[in-house]
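Q: I would like a close look at one part of this model, followed outward to whatever adjoins it. Please keep the account plain.

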Number of protein chains: 2
Amino acid sequence: MTITEAESRILEAARKVFMEDGYVGARMQRIADVAGISKASLHYYFRSKEKLFDRIFDEYMDRIVPLLNTWEDDSDDWETKVRRFVVDLMEVFKDTSILFLVQELRRDPKKLDERLAAKRKKPNRFIHYYERLRASKLVRDQDPRILALAMHSMCAYPLLNAPMMCGALRMAPAEYDTFMTTYAREAADLLVRMMKK
Amino acid sequence: MTITEAESRILEAARKVFMEDGYVGARMQRIADVAGISKASLHYYFRSKEKLFDRIFDEYMDRIVPLLNTWEDDSDDWETKVRRFVVDLMEVFKDTSILFLVQELRRDPKKLDERLAAKRKKPNRFIHYYERLRASKLVRDQDPRILALAMHSMCAYPLLNAPMMCGALRMAPAEYDTFMTTYAREAADLLVRMMKK
DNA sequence: ACCTGGTTTGACCATTTGGTCAAACCGATC
DNA sequence: GATCGGTTTGACCAAATGGTCAAACCAGGT
């Protein structure tokens with residue numbers, strides 16, 4: 001079934017409101033207002049707040065999951081892969097804060113389990129990839145789990161906690177925003193340097 | 001004025017509930033239940049939810065702010081400072097997730113501004129410290145803002161988004177928890193390596 | 001025993017919020 | 001223009017929630 005114009009307006013509004021206020025803080029009335037329809041209409045299209053939220057949540061996961069497959073194929077060398085991963089992931093986090101996901105995960109930890117059950121059975125792709133590089137003596141000999149944590153942290157946190165870091169670095173929000181582009185490149189450099197022999 | 005036994009029981013309960021559910025999700029009734037008193041009594045001691053929350057929020061800030069002064073004195077060499085900062089900061093985040101702070105900051109951005117207004121006027125201590133080291137040619141020649149972001153990210157994020165990273169690394173929560181000790185040490189190593197010439 | 005001050009609480013209130021429903025609306029088909 | 005399916009909405013509801021208050025409680029002092 002296709003998405004009607006009304007539906008897509010609702011989804012756009014829901015995206016905005018849920019991202020801003022989180023699941024608990026979001027109000028159905030405000031979503032309706034932003035979408036320019038009545039609350040009753042909102043419920044006509046999406047039966048409940050939970051259902052509507054799940055739709056947005058899934059959309060978001062669908063943007064992130066493919067990025068985790070960066071480490072599957074054998075195109076490009078590992079340095080290029082790392083740099084692309086960092087830039088792409090930060091691109092997603094830039095217009096859709098991961099805070100949204102962290103919050104929801106705390107509210108209902110099962111949500112992720114269900115959605116990634118299949119994925120969870122296989123080993124972590126990055127770790128597997130790094131182990132292979134390590135066996136071929138192409139990278140530094142160290143625990144890839146640490147690197148994975150460092151990589152994800154450096155991508156997510158500066159955007160997740162932008163208000164605080166922005167203040168800590170004594171920058172104006174706009175300035176911080178443009179600085180993030182430089183940061184993405186430099187962070188990728190640092191990560192590559194961590195892995196290089 | 002001293003803190004009565006009832007008051008400290010309330011504060012303990014509030015700490016727990018606010019940390020678990022955030023400001024919006026927390027319920028006064030539940031705080032009362034956890035503290036083992038009636039909701040009316042709760043309001044007798046702390047007039048409003050906001051007031052009670054502010055008390056907890058301030059407590060938390062008071063634990064973090066001193067750590068930011070690590071870079072002030074000239075005791076110890078910079079490597080030791082970095083290692084201590086990482087371990088200490090992660091220690092705080094371990095029993096008191098910073099998610100709490102990030103959420104609140106989004107709800108009311110002014111809260112931090114007021115509280116750190118004095119601090120914000122001076123330059124960032126770490127950046128200042130690194131510039132000095134750089135001038136003395138003791139460390140690598142690079143933008144300290146990038147390093148500051150990397151350092152904070154690597155400390156905060158693995159604990160902030162523990163459920164997800166725990167799953168990503170295919171670890172059980174308990175296992176992840178003990179792994180954090182190793183991580184803290186290794187993360188500090190990586191950061192030192194980033195700064196070393 | 002009686003008072004007095006702080007403490008505790010059940011009952012209650014106003015407001016907010018997710019959700020429902022019957023009635024109105026509207027374009028297309030006959 | 002009557003009918004019909006899908007759409008839209010104002011009015012309404014039940015539950016939850018932060019907060020209030022008068023009455024009860026309970027030590028310590030007289």
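How many residue pairs in polar contact does the rule find across the interface of chain A and chain B?

A: The model is predicted. Across the interface of chain A and chain B, the rule finds eleven residue pairs in polar contact, with both residues of a pair at pLDDT 80 or more. Six helices of chain A each give at least two residues to the side that touches chain B: helix 1 (5-25), helix 6 (99-107), helix 7 (110-121), helix 9 (144-160), helix 10 (162-168) and helix 11 (173-195). Helix 9 of chain A has the largest share of that side, with 13 residues. By class, the side of chain A that touches chain B holds 32 nonpolar, nine polar and twelve charged residues. Charged residues are thus present on that side, but the count of salt bridges between chain A and chain B is zero.

The extent of the interface can be given by contacts and by area. By contacts, 53 residues of chain A meet 53 residues of chain B. The size of an interface is often given as the accessible area lost when the parts come together. For chain A and chain B, the buried area is about 4,600 Å², and 70% of it lies on carbon and sulfur atoms.

Chain A also has an internal interface. The chain is divided into domain 1 (5-47) and domain 2 (59-195). The centres of domain 1 of chain A and domain 2 of chain A, taken over C-alpha atoms, are separated by 30 Å. Seven residues of domain 1 of chain A are in contact with six residues of domain 2 of chain A. Between them the two domains of chain A bury about 520 Å², with 64% of this on carbon and sulfur atoms. On the side of domain 1 of chain A, Arg15(A), Met19(A) and Tyr23(A) lose the most area to domain 2 of chain A, and together they account for 70% of what that side buries.

Arg15(A) appears again in the polar part of this domain interface. The rule finds one salt bridge across the interface of domain 1 of chain A and domain 2 of chain A. Arg15(A) and Glu59(A) meet through their side chains in a salt bridge, at 2.9 Å from N to O. For polar contacts across the interface of domain 1 of chain A and domain 2 of chain A, one residue pair is found, both residues being at pLDDT 80 or more. The side of domain 1 of chain A that touches domain 2 of chain A comprises five nonpolar, one polar and one charged residues.

Next come the DNA strands, beginning with DNA strand D. Around DNA strand D there are 14 residues, of which Tyr44(A), Tyr45(A), Arg27(B), Lys39(B) and Lys49(B) come nearest. Both chains take part through helix 3 (39-45) of chain A and helix 3 (39-45) of chain B, each of which supplies at least two residues of the surface near DNA strand D. The largest share of that surface, four residues, comes from helix 3 of chain A. The residues near DNA strand D divide into seven nonpolar, four polar and three charged. Among the atoms of DNA strand D within 4 Å of the protein, 55% belong to sugar or phosphate, and the rest belong to bases.

Some contacts with DNA strand D can be given atom by atom. Tyr45(A) has a side-chain N or O atom 2.6 Å from a phosphate oxygen of DNA strand D. For Ser41(A), an N or O atom of the side chain is 3.2 Å from a phosphate oxygen of DNA strand D. Ser38(A) instead has a polar backbone atom at 3.0 Å from a phosphate oxygen of that strand.

For DNA strand C, 14 residues surround the strand, and the closest are Arg27(A), Lys39(A), Lys49(A), Tyr44(B) and Tyr45(B). Helix 3 of chain A and helix 3 of chain B each supply at least two residues of the surface near DNA strand C, and helix 3 of chain B has the largest share, four residues. The classes near DNA strand C are seven nonpolar, four polar and three charged. Sugar or phosphate accounts for 57% of the atoms of DNA strand C within 4 Å of the protein, and bases for the rest.

Chain A reaches phosphate oxygens of DNA strand C through backbone and side-chain atoms. A polar backbone atom of Ala26(A) is 3.2 Å from one, and a backbone N or O atom of Met28(A) is 3.1 Å from a phosphate oxygen of DNA strand C. In His43(A), a polar side-chain atom lies 3.3 Å from a phosphate oxygen of DNA strand C.

How values were computed
Residues numbered from 1 in each chain as written. Chains lettered and ligands numbered in written order. Heavy atoms only, no water. Near = heavy atom within 4 Å. Polar contact = N/O pair within 3.5 Å; in protein donor to acceptor, adjacent residues only side chain to side chain. Nonpolar A, V, L, I, M, F, W, Y, C, P; charged D, E, K, R; others polar. Domains from an automatic or database assignment. Contact = heavy atoms within 4.5 Å. Buried area = accessible area lost by both parts, 1.4 Å probe. Salt bridge = Lys/Arg side-chain N within 4 Å of Asp/Glu carboxyl O.
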